[in-house]
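Student: Got a minute to go through a model with me? I'd like to start from the inside and work outwards.

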Amino acid sequence: MRDVVVPLADLVLGARCAGCGAMALSLCRPCGISIRPDPTVAWPDPSPDSLRGPAPVVPVAAGLNTDVLRRVLVAWKEEGATRLTAVLDLQLAAAVVPHLRPGRPLAIVPVPTSRRSRRQRGSDLVGDLARSTARRLTVTGVDAVVVPALAYARSTRDQAGLGAADRRANLDGAFRLDRRDGLQGRDVVVVDDILTTGSTVGEAVRVLTAAGQRPLGVSVVAATPRLPETRR
Ligand SMILES: [Zn+2]
């Protein structure tokens with residue numbers, strides 16, 4: 001019986017744990033426990049100038065981009081498992097909380113999604129994740145809105161597979177301020193899914209700072225542990 005039930009459930013519901021492949025609606029319990037958010041300051045080394053000063057824009061990650069969390073992010077980002085937004089929003093919300101100031105409303109600014117990735121993935125994944133995260137924070141009483149303030153100013157290459165220097169060059173001047181409605185009177189936090197070299201969030205912070213909206217912090221689901229750079 002089990003032989004029949006398992007593949008059928010898989011076919012109908014995609015009912016596999018994204019962390020280990022066991023039967024589960026999105027994540028099995030052990031995998032869920034293993035990625036419990038642990039918000040940690042995650043400065044990339046070297047860190048982008050725009051994050052360092054004048055007031056540091058501190059990056060906080062809910063976890064590391066390894067093991068179960070990495071597999072969940074790959075399934076969400078590359079394999080169309082958008083149902084995992086409902087798992088990852090808890091991670092991102094936990095990474096936003098350390099930036100909250102009592103009584104201050106919050107504007108969450110997602111890094112923009114390129115046209116290429118919107119086409120490949122069929123949606124604005126980080127924007128959707130930001131909106132889901134804002135709803136989660138709102139439920140807990142935080143006045144949080146998503147302001148899609150940034151847009152691409154030009155086309156870029158896919159960051160995956162580029163070394164740190166190429167990533168910086170690829171993103172340099174890549175974003176522009178698209179709108180500022182909704183930012184006034186709110187603390188600004190930039191969000192993204194994964195922080196690797198910090199080039200993407202660094203460019204987002206640079207543009208917002210130039211527009212007079214210096215963010216308080218950066219929040220990401222996961223930080224990628226840095227390997228020694230081999231490409232120059
Ligand atoms: Zn699992």
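Student: How many residues are in the largest nonpolar core, and which have the most contacts inside it?
Tutor: This is a predicted model. Its largest nonpolar core has 59 residues. Val-72, Ile-108, Val-109 and Ala-204 have the most contacts inside it.

Student: Which helix gives the most to this core?
Tutor: Helix 5, residues 85–96. Seven of its residues go into the core.

Student: And where does the core lie relative to the domains?
Tutor: Between them. Domain 1 (1–34) and domain 2 (37–223) both give residues to the core, so it lies between the two.

Student: How far apart are the C-alpha centres of those domains?
Tutor: The centres of domain 1 and domain 2 are 29 Å apart. Six residues from domain 1 and nine residues from domain 2 make the contact.

Student: What is the side of domain 1 that touches domain 2 made of: nonpolar, polar or charged residues?
Tutor: That side of domain 1 has three nonpolar residues, three polar and no charged.

Student: Back to Val-72. What is it in contact with, leaving aside neighbours within four places in sequence?
Tutor: Val-72 is in contact with Ala-18, Gly-19, Leu-27, Ile-35, Leu-84 and Val-87.

Student: Ile-35 is on that list. Where does Ile-35 lie?
Tutor: In a loop. The loop runs between helix 2 (29–34) and strand 1 (40–41).

Student: Is Ile-35 buried or exposed?
Tutor: Ile-35 is buried, because 25 other C-beta atoms lie within 10 Å. The cut-off for buried is 20 or more.

Student: What does Ile-35 touch, again leaving aside neighbours within four places in sequence?
Tutor: Gly-63, Val-68, Leu-69 and Val-72 are its contacts.

Student: Gly-19 came up with Val-72 as well. How far apart are Ile-35 and Gly-19 in space?
Tutor: They are 9.5 Å apart, C-alpha to C-alpha. In sequence, Ile-35 and Gly-19 are 16 residues apart.

Student: New topic: helix packing. How do the axes of helix 8 and helix 9 cross?
Tutor: At roughly 35°. The axes of helix 8 (residues 164–171) and helix 9 (residues 199–210) come within 9 Å.

Student: Is that crossing of helix 8 and helix 9 left-handed or right-handed?
Tutor: The crossing is right-handed.

Student: Which residues meet there?
Tutor: Helix 8 brings Arg-167, Arg-168 and Leu-171. These meet Ser-199, Thr-200 and Glu-203 in helix 9.

Student: And how do the residues of that contact divide?
Tutor: The contact of helix 8 with helix 9 has one nonpolar, two polar and three charged residues.

Key: Residues are numbered from 1 along each chain as its sequence is written. This is a predicted model: local features need pLDDT of at least 70, side-chain atom pairs count only at pLDDT 80 or more; totals for chains, interfaces and linings use all residues. Domain bounds come from an automatic or database domain assignment. Two residues are in contact if their C-beta atoms, placed from the backbone, lie within 7 Å. Ala, Val, Leu, Ile, Met, Phe, Trp, Tyr, Cys and Pro count as nonpolar, Asp, Glu, Lys and Arg as charged, and the others, Gly among them, as polar. A nonpolar core is a set of buried Ala, Val, Leu, Ile, Met, Phe, Trp, Tyr and Cys residues joined through C-beta atoms within 7 Å. A residue is buried if 20 or more other C-beta atoms lie within 10 Å of its own, exposed if 12 or fewer, and partly exposed in between; C-beta atoms are placed from the backbone. Helices (H or I, at least four residues) and strands (E, at least two) are DSSP runs, numbered from the N terminus. Axes are lines fitted to C-alpha atoms, for helices over the stretch in contact, and angles run from 0 to 180 degrees between N-to-C directions. A crossing is left-handed if the near helix is turned anticlockwise from the far one by less than a right angle, and right-handed if clockwise.
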